[in-house]
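Colleague: Got a minute to go through this model with me? I'd like to start with the cysteines and then look at the backbone.

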Amino acid sequence: MYDVIIRNGSVVLDTGILHAEIGIQNGSIAEVAPSISQTAAEEVDASGMYVFPGAIDVHVHLDEPGRTHWEGFKTGAEMLAAGGVTTFVDMPLNGIPSTTTKDALVTKAQLGMEKSIIDFGLWAGLVPGNTHELSALAEAGCLGFKAFLSPTGNKEFESVNDEELLLGMSHIAGLGKVLALHAESGPMTTFLTNQKRQHQQVTADDYLESRPIAAEVEAVERALHYASITGCPLHFVHISSVEAVAVIEGAKQKGMDVTLETCPHYLLFSHQDLHEKGNLAKCAPPLRHISDHKKLRAAMKMGRVDFLTSDHSPCDPELKDEENYSLFEAWGGINGGGCTLLAALQFALDEEIDLHHVAQWTAKKPAERFGLADRKGDIAEGKDADLVMVSMNQHVVTLDNYYAKHPLSLYTGKQFSTRVEQVFSSGQRVFTRQDGPIHSRTGQWLKSLELAKNEV
């Protein structure tokens with residue numbers, strides 16, 4: 001007898017959609033079949049619903065330790081689970097201390113294992129002066145490294161210069177890890193920002209002009225040149241322009257080990273939303289003009305983007321307060337981790353894309369890129385029973401149903417055509433529409449596939 005059977009659903013595989021039933025035993029998927037004859041301790045009727053693999057969001061900032069008043073593992077995991085995320089990878093900055101040493105990595109992992117209701121991995125940082133820490137961080141279990149090519153606005157996690165970047169990339173290549181890059185040209189954005197501030201030009205248009213597409217493209221090109229020298233695998237985060245997508249495509253065609261992500265806010269919102277919503281819509285790179293926004297949507301539809309992440313970047317609401325902070329001074333991040341799966345579904349429905357592509361963008365491809373595909377990423381026998389039941393009921397994001405520490409967001413009031421109804425993490429129900437987040441389990445700290453094999 002199985003622990004749980006999910007019956008009568010439309011099961012979304014990475015290759016298509018199958019009317020099937022799913023048997024769960026000991027936290028894993030034991031059977032996927034058109035009809036399961038066995039019984040279970042609990043049977044769940046998914047009639048009229050799609051069953052997706054749990055989303056894997058490899059780009060979130062949960063800010064713990066040190067800034068739990070912005071977001072922490074407890075509220076962050078609740079918010080992510082309510083949005084259909086069953087695995088996340090936390091970025092190394094915005095907490096205090098930043099995750100740039102082994103001790104900081106282990107401390108953060110312990111907090112996650114105490115407080116998160118879903119599984120998680122951890123990024124480590126490449127910052128000035130910490131190349132001697134990279135080997136220990138890799139051995140301790142980070143899934144990859146993150147660095148910035150432009151000022152971070154965070155004194156605990158500074159950007160690297162070209163020499164530091166090359167040295168770090170050489171080390172990371174030897175460790176068999178991936179380097180994730182925030183790719184905006186520091187010299188360009190700093191120069192343009194200073195020019196705007198000197199002339200007291202701080203409107204939405206000025207902010208966009210201070211971080212042009214050219215700055216993204218230049219940084220991507222430079223990093224790829226360095227990767228060709230060092231052999232370092234790269235992952236470009238939150239790419240916002242089709243011009244940068246094209247440069248990365250060219251590198252792939254040359255055989256380079258490189259991937260890219262974009263974020264739902266670049267697909268669903270544009271520069272017009274920065275005009276209308278002000279600081280809530282501020283991010284870096286910025287939301288682009290509608291013409292550029294449409295080009296990125298077209299690239300996503302054509303399969304030119306590897307996968308989606310939220311870049312959930314919350315803060316104390318005061319830091320977004322327009323009475324005290326101009327666009328240039330306000331915190332630059334989107335509070336959106338609970339909307340990635342719904343946004344991906346909305347994009348697919350609007351563009352008439354088969355829904356199995358959503359499973360690839362949000363689960364399959366990130367699992368493969370970061371060494372989690374042995375147990376995560378799709379609905380298959382032997383994989384973790386990370387499952388999301390989605391209905392075709394409309395859902396409006398409100399302060400009451402968005403479970404982040406601070407629920408006010410760019411997404412507040414956004415209407416989606418689908419709704420997350422139930423979420424299972426390793427076979428345990430961690431969210432229902434009626435009950436909200438459920439603390440039925442504590443999340444596991446996931447290390448890369450390579451490390452897990454070595455430890456066995």
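Colleague: How many disulfides does the structure hold?
Modeller: Zero, taking a disulfide as a pair of cysteine sulfur atoms within 2.5 Å. Keep in mind that this is a predicted model: local features need pLDDT of at least 70, side-chain atom pairs count only at pLDDT 80 or more, and totals for chains, interfaces and linings use all residues. Side-chain values use heavy atoms, with hydrogens and water left out, and residues are numbered from 1 along each chain as its sequence is written.

Colleague: Why no bond for cysteine 232?
Modeller: Its closest cysteine sulfur, in cysteine 142, is 12 Å away, so that is too far for a bond.

Colleague: And what about cysteine 283, which sulfur is closest?
Modeller: The one in cysteine 263, at 7.9 Å, again too far for a bond. Cysteine 283 is buried, at 4% relative accessibility (buried is under 20% relative accessible area, exposed over 50%, partly exposed in between, with a 1.4 Å probe and protein chains only).

Colleague: OK, backbone. Where is the peptide bond cis?
Modeller: One cis bond runs from isoleucine 96 to proline 97, with omega near 5°. Another goes from alanine 284 to proline 285, omega near -5°. Most peptide bonds are trans.

Colleague: Where does proline 285 lie?
Modeller: In the loop between helix H10 (271–277) and helix H11 (290–301). Helices (H or I, at least four residues) and strands (E, at least two) are DSSP runs, numbered from the N terminus.

Colleague: What about aspartate 63, is it buried or exposed?
Modeller: Buried, with a relative accessible area of 1%. Aspartate 63 also has a positive phi of about 65° although it is not a glycine.
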